[in-house]
Amino acid sequence: MNYNTLLYELDSGVLTITFNRPDRYNAFNNEMSAEFIDALKKADKDSAVRAIVITGSGKAFCSGQDLKDVAGVTRSLGESVANRYNPKAKLIQTIEKPFIAKLNGIAAGAGAGVAIACDYIIASEQASLLFAFVNIGLVLDTGSSFTLPRLVGYRKAFEYATLGNKISAVEALTQGIVNQVVSPELLDSATAEIAQKYATSASKAIGLIKRMLHQSGSVSLEKALESEMFSQEIAGKTHDYIEGVSSFVEKRSPNFTGN
């Protein structure tokens, strides 16, 4: 795909979407928001995409809204959130494919929201997160008010959201916000390793697991058990289930196709 503000690269089942406004620390302007939402929708429909990596070019992952782009502009922030930021969080969390945030640098504001919406986060030791909204008199968006307290609990979420202090990669690991922290020189290879593992795994099962986990915070035990029953029925009819059982019996590595 050809975008002006993103790189969209598919290789061996792994799609890498790179925010590509390094001179603006990959901040969202209207064009990048629209292109990112379009890229997510295309990734959802493409059966060749089995894992999605989101990262940034240059020194930053994404520094949030480009404030220079909106300075002095009269606009409805509610409309902006509805049209530009809510869709990002919703697509990442509802597309039944694994999303990996590759944090190469600062993820601030909406950038932090995008990062924590992902299913797996691997961060450079030099990376950090910053829920910076309060620093300009605004509230959390891009799904952060939903995702952050589910990751760290109310008290830490309140602290991060109301003090607007930078969270180092090491602290993010300690708090369960990220899965891995590696040295900058190992970030590419470590991300490629986990992305390829997901891209060659049982894709339908992973998608169903993602759906079940996202629903778990708002359903009863009975509903969760019902969801397990229906989801297991679906998974049990896939080629990957047959292959998984055969490979186990034959004592070999499975060759999952995502079907």
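**Two helices, two cores and a buried serine**

In this predicted model, helix H9 (residues 203-215) packs against helix H10 (residues 221-235) at an angle of about 170°, and their axes are 10 Å apart. Two packed helices are described by these two quantities, the angle between their axes and the distance between the axes. Angles over 145 degrees count as roughly antiparallel, and H9 and H10 are therefore roughly antiparallel to each other. On the H9 side, the contact is made by Lys204, Leu208, Met212 and Gln215. H10 contributes Ser227, Glu228, Ser231, Ile234 and Ala235. Sorted by class, the contact has four nonpolar, three polar and two charged residues.

The next topic is the interior. The largest nonpolar core has 48 residues. Which of its members touch the most other members? They are Phe19, Phe36, Ile54, Phe61, Leu103 and Leu129. Ile54 can serve as an example. Leaving aside residues up to four places away in sequence, Ile54 touches Ile17, Phe19, Phe36, Phe61, Ile92, Phe99, Ile100, Ala101, Lys102, Val114 and Cys118. There is also a second, separate core of 12 residues, with Val14, Tyr120, Ile122 and Ala199 among them.

The last stop is Ser124, which lies in strand E7 (residues 120-124). Is Ser124 buried or exposed? Its relative accessible area is 1%; buried means under 20%, so Ser124 is buried. Not counting residues up to four places away in sequence, Ser124 touches Leu103, Asn104, Ala169, Val181, Val182, Pro184 and Leu187. A polar atom of the Ser124 side chain also lies 3.0 Å from the backbone nitrogen of Gln126.

Technical notes. Residues are numbered from 1 along each chain as its sequence is written. This is a predicted model: local features need pLDDT of at least 70, side-chain atom pairs count only at pLDDT 80 or more; totals for chains, interfaces and linings use all residues. Side-chain values use heavy atoms; hydrogens and water are left out. A nonpolar core is a set of buried Ala, Val, Leu, Ile, Met, Phe, Trp, Tyr and Cys residues joined through side-chain atoms within 4.5 Å. Buried means under 20% relative accessible area, exposed over 50%, partly exposed in between (1.4 Å probe, protein chains only). Contact means heavy atoms within 4.5 Å. Axes are lines fitted to C-alpha atoms, for helices over the stretch in contact, and angles run from 0 to 180 degrees between N-to-C directions. Helices (H or I, at least four residues) and strands (E, at least two) are DSSP runs, numbered from the N terminus. Angles under 35 degrees count as roughly parallel, over 145 as roughly antiparallel, 65 to 115 as roughly perpendicular and the rest as oblique. Ala, Val, Leu, Ile, Met, Phe, Trp, Tyr, Cys and Pro count as nonpolar, Asp, Glu, Lys and Arg as charged, and the others, Gly among them, as polar. A polar contact is a pair of N or O atoms within 3.5 Å; within protein, one must be able to donate a hydrogen and the other to accept it, and residues adjacent in sequence count only if both atoms are side-chain atoms.
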